[in-house]
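Student: Please take one short stretch of this model and look at it closely. Then work outward from there to its surroundings.

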Amino acid sequence: MHIHHLSETPSILNTFLAEIRDEVIQKDSMRFRRNIERIGEILGYELSKSLQYNSKKITTPLDNLQAQLHQKDIVLCSILRAGVPLHNGLLNYFDTAENAFISAYRQHKENPESFDIVVEYLACPSLENKTLILADPMLATGQSMVATFEALKPFGTPKEIHLVSVIGAQKGVDFVSENFDTDSHLWIAAIDQKLNEKGYIVPGLGDAGDLAFGTK
Ligand code: URA
């Protein structure tokens, strides 16, 4: 897997990351959602550099030129509900993408001993020969990404796979690296070192779904 760890290079991305992590600023859920969306736009822009482009003649009011247009074969899949603001950010750039949604939750909310992922709801177009972008803002254990990809398999074989995350733990990054093909990509803003006993990323930011939608 090709890992693109974007906060290693200083940029405005680091400011947006600081704001979503800050326990005071993150309480403003509208700002939190908007910052995740802005991070999605940056990750999408970086990802766009690895897509395939077709040359097309376009006409301006003054002349013609050959323009480079990305192939319109993207399926953007997000895990509900924390994935929604990240999905919106990616969709701002890949506005012709088809969309897929999956609802997956961690079994440990009912059984504290287990981190198994349960997939409940899935809506997805054909993935055959498409470019799949799979977005999950928090890559903690990596099990949701892998369980989601398993659930998507009946919809066809994508020609390219891009995973997009805002904050990951090293454990989750290692797990997806082991479970996805070597030619797939991970576009991630930050990689933190630890997971706590409840599977939360440390220092992380807390619960992304609760922060985005004002629940506790
Ligand atoms: N999901 C979250 O929202 N936060 C974490 O730290 C891990 C998973």
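**A loop and the strand before it**

Tutor: R81 lies in the loop between β4 and α3 (83–93). The model is predicted: local features need pLDDT of at least 70, side-chain atom pairs count only at pLDDT 80 or more, and totals for chains, interfaces and linings use all residues. Residues are numbered from 1 along each chain as its sequence is written. Helices (H or I, at least four residues) and strands (E, at least two) are DSSP runs, numbered from the N terminus.

The peptide bond between L80 and R81 is cis, with omega at about -5°. A cis bond also links V202 to P203, where omega is near 5°. P203 belongs to the loop between β12 (201–202) and α6 (208–213).

Now the strand. β4 covers residues 74–80, and six of its seven residues are buried, so it is largely enclosed by the rest of the structure. A residue is buried if 20 or more other C-beta atoms lie within 10 Å of its own, exposed if 12 or fewer, and partly exposed in between, with the C-beta atoms placed from the backbone. Strands are said to pair if DSSP finds at least two bridges between them. β4 pairs with β7 (residues 131–135) in the parallel sense over five bridges, and with β5 (residues 98–106), again parallel, over six bridges.

L76 shows both pairings. Its bridge partner in β7 is I133, and in β5 it is N99. Two residues are in contact if their C-beta atoms, placed from the backbone, lie within 7 Å. Leaving aside neighbours within four places in sequence, L76 is in contact with both of those partners and with H87, L90, L91, F94, A97 and A135.

L76 is also one of the residues with the most contacts inside the largest nonpolar core, together with C77, I133, L134 and V164; that core has 53 residues. Strand β9 (residues 160–169) gives the most to this core, with six residues. A nonpolar core is a set of buried Ala, Val, Leu, Ile, Met, Phe, Trp, Tyr and Cys residues joined through C-beta atoms within 7 Å. In soluble globular proteins, nonpolar side chains tend to be buried together.

S165 is found in β9 as well. S165 counts as buried, with 27 C-beta neighbours inside 10 Å. Not counting residues up to four places away in sequence, S165 touches D136, P137, L139 and I188. F180, 15 residues apart from S165 along the chain, is separated from it by 15 Å between C-alpha atoms.

The loop before β9 differs in its setting: K153 lies between α4 (143–152) and β9. K153 counts as exposed, with 9 C-beta neighbours inside 10 Å. The C-alpha atoms of K153 and S126 are 9.9 Å apart, although the two residues are 27 apart in sequence. In the loop between β6 (117–123) and β7 sits N129. N129 is not a glycine, yet it has a positive phi of about 60°. N129 is exposed, having 11 other C-beta atoms within 10 Å.

Next, the ligand. The residues around it are A82, M138, A140, Y200, I201, G204, D207, A208 and G209; a residue is near a molecule or strand if its C-beta atom, placed from the backbone, lies within 6 Å of it. This shell divides into six nonpolar, two polar and one charged residue. Here Ala, Val, Leu, Ile, Met, Phe, Trp, Tyr, Cys and Pro count as nonpolar, Asp, Glu, Lys and Arg as charged, and the others, Gly among them, as polar.

For contrast with β4, take strand β2 (residues 53–59): the count of buried residues among its seven residues is zero, and the strand is hardly covered. Seven bridges join β2, running antiparallel, to β3 (residues 64–70). N54 stands opposite L69 in β3, and the two strands form a hairpin with four residues between them.
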